[in-house]
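Biologist: I would like to go through some of the labels attached to this model. Please set each value against its cut-off.

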Amino acid sequence: MLAFLVSIVYDEITRVPKAEHGKENRPMKNTFNDLPRLAQDFLKYQVEVLGHAENTAVSYANDLRVLYSYLAQRRGLTLAEIDGQGASLLEALTADELDGYVSFSADGSPLSASSRCRRVS
């Protein structure tokens, strides 16, 4: 099921952006170059296609940094190796890894309940 959802998201974020819901496309100021290409495309889609605020994309980017750091640490990979795996990295996530990520991201973090929910969504 997760692989199916990842493939839908990947298809959506790699298509050419166009204005939707009466909103004009607006280029994103932050390119998030420190994140894997898949994450950059997702964030660009959020702002330029869906019209979400760039602050929303910044919050998602911070959450993705934590996820990628966790996966790099757990799997013994560099961030460059993670970038090279693209969507297959997310398709291969296990329930144990997701559970571990929730614990990893909450350790000592004073996040609100809504931030914790966003982080794992």
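Modeller: A salt bridge here is a side-chain nitrogen of Lys or Arg within 4 Å of a carboxyl oxygen of Asp or Glu. Note that the model is predicted.

Biologist: What makes arginine 37 and aspartate 41 a salt bridge?
Modeller: Their side chains meet at 3.3 Å, N to O, and the limit is 4 Å, so the pair qualifies. Both residues lie in helix α2, four residues apart, about one turn of the helix.

Biologist: Why is aspartate 41 called buried or exposed?
Modeller: Buried means under 20% relative accessible area. Aspartate 41 has 13%, so the residue is buried. Arginine 37 has 52%, and exposed means over 50%, so arginine 37 is exposed.

Biologist: How do you know that glutamate 97 forms a salt bridge with arginine 74?
Modeller: The closest N and O atoms are 3.8 Å apart, which is within 4 Å. Glutamate 97 lies in helix α6 and arginine 74 in helix α3, so the pair ties together parts that are 23 residues apart in sequence. At 7% relative accessibility glutamate 97 is buried, whereas arginine 74, at 44%, is partly exposed. Arg74, Arg75 and Glu97 are linked in a network of salt bridges.

Biologist: What puts the buried residues of α6 on the same side?
Modeller: Those residues are Glu97, Gly100, Tyr101 and Ser105. They cover an arc of only 125° around the axis, which puts them on the same side of α6. On the other side of α6, Ala95, Asp96 and Asp99 are exposed.

Notes:
Residues are numbered from 1 along each chain as its sequence is written. This is a predicted model: local features need pLDDT of at least 70, side-chain atom pairs count only at pLDDT 80 or more; totals for chains, interfaces and linings use all residues. Side-chain values use heavy atoms; hydrogens and water are left out. Buried means under 20% relative accessible area, exposed over 50%, partly exposed in between (1.4 Å probe, protein chains only). Helices (H or I, at least four residues) and strands (E, at least two) are DSSP runs, numbered from the N terminus. The arc is that of the directions from the helix axis to the C-beta atoms.
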